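Student: I've got a model open and I'd like to go through the words people use for it. Can we take them one at a time?

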Amino acid sequence: MGESSVPMSKYETKSTTTNKEIANLKSRHLAEKAAFGLMWLGGIVTIAILAAVVGYVLLQGVKVIDLEFLTTAPQGGLSGEGGISTTIVTTIYLVLITIVIATPLGIGAAIYLVEYAGEEKGIVPKLVSIARFGVETLAGVPSIIFGLFGYTFFVTALKFGFSLLSAGLAGACLILPVIIRTTEEALQTVPRSYREGSLALGATKWQTIKNVVLPAALPGIITGIILSVGRVVSETAVFYVTLGGSYRMPKSIMSGGRTMALHLYYLAMDTMAFDKAMGTGAILVISIILINIVINYLSRRLTAGLKGV
Amino acid sequence: MMKVKFETKNYSLKYGSFQALKNINIEIPENQVTAIIGPSGCGKSTFLRSFNRMNDLIPNVSVDGQVQLEGNNIFEMDVVELRRRVGMVFQKPNPFPKSIFDNVAYGPRVNGTGEHSKLTEIVERSLKGAALWDEVKNDLAKSGIALSGGQQQRLCIARALAVEPDVILMDEPASALDPIATLRIEELIRTLKEEYTIIIVTHNMQQAARVSDYTAFFYTDESRCGQLVEFGPTREIFTNPNDKRTEDYITGRFG
């Protein structure tokens with residue numbers, strides 16, 4: 001009853017888009033296209049520059065890289081004859097020494113800062129905030145400052161001389177802030193619910209940290225350590241003033257030496273062997289790329305392991 | 001008369017200067033399910049977390065009055081031992097990112113049980129106690145986080161059972177679960193009370209009516225300070241409350 005006999009459209013047209021609205025829409029789409037284009041350009045230019053640098057070094061370097069280059073020692077002198085075998089070994093030794101020194105210290109400091117510092121009373125919280133500020137500042141200090149410190153303190157005052165030990169200690173100072181900060185971040189991302197779950201079962205705080213918090217933070221901590229390895233491999237300033245620069249094979253922790261990065265520096269500055277410098281550079285670049293691949297692989301594996309996949 | 005497990009005497013709690021709980025007096029009966037209900041922000045969870053001193057983790061918390069476990073002041077007890085005796089199941093299932101076996105064995109291990117045969121026995125008993133054994137017995141090496149939400153929560157209950165507590169605190173244990181998983185948890189709670197004293201916080205009044213023997217109604221006014229309005233057998237609280245506010249809440253007039 002009372003139904004209209006006029007057939008009705010299913011949709012009722014209430015309004016039409018005005019010309020002004022259409023113009024507005026067009027200009028917004030245009031602005032989006034322009035913004036997207038600029039960002040695309042930025043991305044392409046960045047990638048092109050990176051590819052040019054890496055590609056140039058690799059192409060130039062590949063010419064001198066062969067088994068002999070990798071397995072013979074540098075000859076020294078102006079000509080820059082010889083390979084890079086001793087510098088590869090020195091680099092590996094130095095990485096091991098710095099990591100062995102800096103990792104326990106850095107992880108310990110980060111655990112203290114994240115897990116325990118908040119409970120301190122009296123003057124300690126002030127000291128802790130100074131320490132935090134110190135860590136942040138150190139992370140931004142130019143590496144030559146660590147080098148000069150290492151030279152005056154480890155090389156001269158402690159009489160360790162130009163040696164793997166002096167360089168390792170100075171290198172440890174350089175990467176300590178990196179390890180502390182990445183570990184702190186990793187610890188802070190461990191969910192509170194894990195800690196509560198553990199404590200509620202009658203675990204002590206240390207048992208909770210050791211059995212639940214640290215394993216969950218491990219991917220982040222390992223990423224920090226590997227980043228530090230990259231830092232040591234590519235560092236020159238610190239080791240220039242602490243490691244001496246001898247191209248001979250290091251015999252003990254008190255021997256001097258030169259890392260690949262240092263050797264590259266010497267070759268480029270003091271010799272005619274620019275091709276050898278490029279070769280060393282290529283090996284360095286390849287090492288860094290490998291380190292990054294390892295970081296990605298490990299952190300993905302470890303995170304997947306935690307998620308139970 | 002029923003035996004009392006927990007007793008609070010004029011118990012108050014402050015976060016800094018904010019009074020969150022005031023003068024709570026309650027006697028939690030042994031081997032019964034006690035539900036704590038009340039509107040949001042009335043201090044239910046804070047009260048629950050008092051029984052295993054979980055509030056100790058929050059800076060600037062101060063307490064007044066007493067909480068006694070079988071007559072002993074819990075603030076004078078070793079907190080690690082207290083938490084071993086008073087287990088807790090959280091609102092969101094929080095299994096560790098470890099295998100099912102290691103999740104359940106975690107508590108016994110940190111409390112000093114290292115023997116593998118003993119652990120195997122505890123794990124089986126606890127998973128059976130939490131009604132999860134049949135679903136996971138062939139899969140104990142699987143990660144606890146790979147289970148469904150309801151299974152995860154039962155894993156957390158098994159984990160709590162493994163250290164042989166006297167009391168189990170449950171903080172809205174089914175609020176993150178679907179209705180079927182919720183039902184299973186509720187069935188489980190009814191069987192667990194034969195051996196354990198259970199205190200459960202819930203937002204869901206039907207749930208409180210279904211699973212609990214006693215109910216405590218918490219309320220808060222403009223001061224935002226939580227107080228205990230009424231405590232008694234669940235049947236009485238739900239059919240014949242003494243206090244107008246309890247009646248208004250359970251009949252759904254607010255909350």
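Student: What makes B:Ser117 and B:Glu121 exposed residues of helix 4 of chain B?

Tutor: A residue counts as exposed if 12 or fewer other C-beta atoms lie within 10 Å of its own, as buried if there are 20 or more, and as partly exposed in between, with C-beta atoms placed from the backbone. B:Ser117 and B:Glu121 are exposed by that count, and they sit on the face of helix 4 of chain B turned away from its buried side. Keep in mind that this is a predicted model, where local features need pLDDT of at least 70, side-chain atom pairs count only at pLDDT 80 or more, and totals for chains, interfaces and linings use all residues. Residues are numbered from 1 along each chain as its sequence is written, while chains are lettered from A and ligands numbered from 1 in the order in which they are written.

Student: How do you know that the buried residues of helix 4 of chain B line one face?

Tutor: The buried ones are B:Ile122, B:Val123, B:Ser126, B:Leu127 and B:Gly129. Seen down the axis of helix 4 of chain B, they fall within an arc of 150° (taken from the directions from the helix axis to the C-beta atoms), so they line one face. They pack against helix 3, helix 5 and helix 6 of chain B, where a contact means C-beta atoms, placed from the backbone, within 7 Å.

Student: Why is helix 6 of chain B called largely enclosed?

Tutor: Because 12 of its 13 residues are buried. Among them are B:Arg154, B:Leu155 and B:Cys156. What they pack against includes strand 6 (86–89) and strand 7 (167–171) of chain B.

Student: What makes the length of helix 6 of chain B agree with what a helix should span?

Tutor: The expected span is 1.5 Å times one less than the number of residues. For the 13 residues of helix 6 (residues 149–161) of chain B that gives 18 Å, and the end C-alpha atoms are 19 Å apart, which agrees. Helices here are DSSP runs of H or I with at least four residues, strands are E runs of at least two, and both are numbered from the N terminus.

Student: And how do you know that strand 3 of chain B pairs with strand 8 of chain B?

Tutor: Pairing takes at least two bridges found by DSSP. Strand 3 and strand 8 (residues 197–201) of chain B have four and run parallel, so they pair. B:Ala35 stands opposite B:Ile200 there, and opposite B:Thr215 in strand 9 of chain B.

Notes:
Contact = placed C-beta atoms within 7 Å.
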